[in-house]
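Here is a short briefing on one protein model. Please look over the sequence and the structure before reading on.

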Amino acid sequence: MRELTIEKIAEICNGKFYKGDRTQNQEISSITTDSRKIENDCMFVAINGERADGNKFIAKAYEDGALVCLSENEPDANDVTVSENKGYIVVKSCFQALKDIAEFYREVMQTKIVGRYRWKKWCGKTVAICTRF
């Protein structure tokens, strides 16, 4: 992802960066919240959901090629040792961090927004409603 280094991501989302010596200025290839979709040099965001706690998959994410993991927990709480080849970012909220990163990336890429989604409960289901500008 163009211009998204690990150090820049930590700065964007006001995170505490536990850096490996070799990762600080490396660019990530993608961002995922699904540990089954890890790619080489991607960033794994460990979200604590209703069914699964993403923090339990951080070690596996590193094994599968993740360059950095973003979590609300300190590395010690997740039994993670930050090596010189991997990075780890601690934030207050993973959801807010994703929003901040998306906002920054949208500004860097200078993309035009043609619509937006809002979520609404309808007949007991959550649906996405697209509003075009």
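The points below cover the sheet, the nonpolar cores, the cysteines and one loop residue.

This is a predicted model. Its five strands form an open sheet with mixed pairing. The largest nonpolar core holds 21 residues, and a second, separate core holds 12. The disulfide count is zero.

**Sheet**

- The strand order is β1-β5-β4-β3-β2.
- β1 (16–18) and β2 sit at the edges, and each pairs on one side only.
- β1 and β5 (residues 87–90) run antiparallel and are joined by three bridges.
- Within this pair, Lys16 stands opposite Val90 in β5.
- In general, strands of a sheet pair through backbone hydrogen bonds, either parallel or antiparallel.

**Nonpolar cores**

- In the 21-residue core, the members that touch the most other members are Ile9, Ile28, Met43, Leu70 and Ile89.
- Two helices and two strands, α1 (6–12), α3 (94–109), β3 and β4 (68–71), each supply at least two residues of this core.
- The biggest contribution to this core comes from α3, with five residues.
- Not counting residues up to four places away in sequence, Met43 touches Ile9, Ile28, Ser30, Ile31, Thr32, Val68, Leu70 and Ile101.
- The second core is separate, and among its 12 residues are Phe44, Ile58, Cys69 and Val90.
- Nonpolar side chains tend to be buried together in soluble globular proteins.

**Cysteines**

- A disulfide is a covalent bond between the sulfur atoms of two cysteines.
- The cut-off used here is 2.5 Å between cysteine sulfur atoms.
- For Cys69, the closest cysteine sulfur is in Cys42, at 7.8 Å, so the two are too far apart for a bond.
- Cys69 counts as buried because its relative accessibility is 0%.
- For Cys94, the closest cysteine sulfur belongs to Cys13, at 8.8 Å, which is also too far for a bond.
- Cys94 is buried too, with a relative accessible area of 1%.
- The resulting count is zero disulfides.

**Ser35**

- Where does Ser35 lie? Ser35 is in the loop between β2 (31–32) and β3 (43–45).
- Is Ser35 buried or exposed? Ser35 counts as buried because its relative accessibility is 11%, and the limit for buried is under 20%.
- Leaving out residues up to four places away in sequence, Ser35 touches Phe44, Phe57, Lys60 and Asp64.
- One of these contacts, Phe44, is also a member of the second core.

Terms used:
Residues are numbered from 1 along each chain as its sequence is written. This is a predicted model: local features need pLDDT of at least 70, side-chain atom pairs count only at pLDDT 80 or more; totals for chains, interfaces and linings use all residues. Side-chain values use heavy atoms; hydrogens and water are left out. Helices (H or I, at least four residues) and strands (E, at least two) are DSSP runs, numbered from the N terminus. Buried means under 20% relative accessible area, exposed over 50%, partly exposed in between (1.4 Å probe, protein chains only). Contact means heavy atoms within 4.5 Å. Two strands pair if DSSP finds at least two bridges between them. A nonpolar core is a set of buried Ala, Val, Leu, Ile, Met, Phe, Trp, Tyr and Cys residues joined through side-chain atoms within 4.5 Å.
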